[in-house]
Amino acid sequence: MTEPANHDQAALWNGRSGSAWVDTRVALDQMFVPLARFLIDRAHEVQRDVPSGRLLDVGCGTGGATLAVASALRERWKSTGADISAPMIEIARARAAHARAPVEFLCADAQTHDFPPASFDLVVSRLGVMFFDDPVAAFANLRASARPGAFLHALAWRSPAENPFMTVAERAAMPMLPAMPARVPGAPGQFGFADRDRVKGILEAGGWTGIALTPVHFDCAFALSDLREYSGRLGPVGLALAQMPSHERERVIDAVVAAYAPFVSGSEVRFTAACWHLSARAPA
């Protein structure tokens, strides 16, 4: 493993945030099934031109999307998932072993990791490319790892205003957690790639060609029974709550869960994810 350049993100995802994602991975994988299906469709399009090759999934987390895309591409493709979070990679490797899937998982910072040069035919990411300290360096490193003409297909969140579900918890908790830090536009994090022109410039500076950012929407859902843990463990609210005594924490979570009422339908929580589809090619 190459020493990560993203020290803050490495600390976050190897600490409380990584543990929270590991503990809520079933709900998160269910929530993001439509995004994984989208990437599978893009992989099948690539496969028509490249019947066999190598896949890299950036920011693969606990491996759900990696395994889904690898299964769709079948045995003629070799697949690798990379993530900065050791706890999540540990789960991903266990899932691959349980499924007997020949997928390699690397605990690696994709911004600096020494991937084999010119080796990947397809680079994908399900919401994993917005966390780089130096995104231009990261996409240049990914481009160096891609074969000439290789394809890039990644999904990233659009703006908070277009994703009201994703800010319910912090809006509801803010009166009770006034010290919770505000999100900084363009900073590494969930909405770091919200600005279309900025992202296009990052990809261009990273050496990619044929760049397109297309708005896409996904109808997402997960079990209502998972809402309390989801709202109390993840994101800025989850980090803030981890510092509080349990009785105060439960009071905040009660208020946050109640704020999700507009998104509850029967036994499910439903929302629309507004994302960018980043597509590009490595220079031929």
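A salt bridge is a side-chain nitrogen of Lys or Arg within 4 Å of a carboxyl oxygen of Asp or Glu. With that definition in hand, the exercises below work through a predicted model.

**Exercise 1. Find which residues are linked with R233 in a network of salt bridges, and work out which parts of the chain the pair of R233 and D23 ties together.**

Solution. Begin with the total, which is 12 salt bridges in the structure. Among them is the contact between the side chains of R233 and D23, where N and O are 3.0 Å apart. This distance satisfies the cut-off of 4 Å, so the pair counts as a salt bridge. Next, place the two residues: R233 belongs to helix α10 (residues 227-233) and D23 to helix α2 (residues 16-23), so their contact ties together parts that lie 210 residues apart in sequence. Then widen the view to the network, in which D23, E229 and R233 are linked by salt bridges. Finally, consider the accessibility of the pair: R233 is partly exposed at a relative accessible area of 29%, and D23 is also partly exposed, with a value of 44%.

**Exercise 2. Determine how far apart E45 and R42 are along their helix, and decide whether each one is buried or partly exposed.**

Solution. The side chains of E45 and R42 meet in a salt bridge with an N to O distance of 2.8 Å. Both residues sit in helix α4 (residues 33-49), and because they are 3 residues apart there, about one helical turn separates them. For the accessibility, recall that buried means under 20% relative accessible area. R42, at 13%, therefore counts as buried, whereas E45, at 32%, is partly exposed. As a further case, R270 forms a salt bridge with E268, and their closest N and O atoms are 2.9 Å apart. In that pair R270 is partly exposed at 44% relative accessibility, and E268 is partly exposed at 29%.

**Exercise 3. Trace the chain from β1 to β2 and from β2 to β3, and state the sense in which these strands pair and the handedness of each crossover.**

Solution. Start with strand β1 (residues 53-58), which pairs with β2 in the parallel sense over 6 bridges. One of the contacts can be located by residue, since L55 has S79 in β2 as its bridge partner. Between these two strands the chain passes through helix α5 (residues 64-73), and this β-α-β crossover is right-handed.

Continue from strand β2 (residues 77-83), which pairs with β3 in the parallel sense over 5 bridges. Here D83 finds its bridge partner in C107 of β3. The path from β2 to β3 runs through helix α6 (residues 86-99), and this β-α-β crossover is right-handed as well. To complete the picture, look at how the strands are covered: 6 of the 7 residues of β2 are buried, and in β3 (residues 103-107) 4 of the 5 residues are buried.

**Exercise 4. Describe the second largest pocket by its volume, by the helices that supply its lining and by the classes of its lining residues.**

Solution. The volume of the second largest pocket is about 150 Å³. Its lining draws at least two residues from each of α2, α10, α11 (235-241) and α12 (246-259). Among the residues that line this pocket are R16, A20, R233, L239, R249 and I253. R233 thus appears both in this lining and in the salt-bridge network of Exercise 1. Sorted by class, the lining consists of 5 nonpolar, 3 polar and 4 charged residues.

**Exercise 5. Locate R74 and L127, give the sign of phi for each, and decide whether each is buried or exposed.**

Solution. R74 lies in the loop between α5 and β2, and its phi is near 70 degrees, a positive value in a residue other than glycine. L127 lies in the loop between β4 (120-126) and α7 (135-145), and its phi, near 65 degrees, is likewise positive in a residue other than glycine. For the last step, compare the accessibilities with the cut-offs, under 20% for buried and over 50% for exposed: R74, with a relative accessible area of 61%, is exposed, whereas L127, with 10%, is buried.

Definitions and conventions
Residues are numbered from 1 along each chain as its sequence is written. This is a predicted model: local features need pLDDT of at least 70, side-chain atom pairs count only at pLDDT 80 or more; totals for chains, interfaces and linings use all residues. Side-chain values use heavy atoms; hydrogens and water are left out. Buried means under 20% relative accessible area, exposed over 50%, partly exposed in between (1.4 Å probe, protein chains only). Two strands pair if DSSP finds at least two bridges between them. A crossover is right-handed if, with the strands pointing away from the viewer, the path from the first strand over the helix to the second runs clockwise. On a 1 Å grid over the protein atoms alone, a cavity is a set of points where a 1.4 Å probe fits but cannot get out, and a pocket is an open set with protein on both sides within 12 Å along at least five of seven lines; lining residues have an atom within 4 Å of a point. Grid points are joined across faces, edges and corners, and a volume is the space filled by probe spheres set on the points. Ala, Val, Leu, Ile, Met, Phe, Trp, Tyr, Cys and Pro count as nonpolar, Asp, Glu, Lys and Arg as charged, and the others, Gly among them, as polar.
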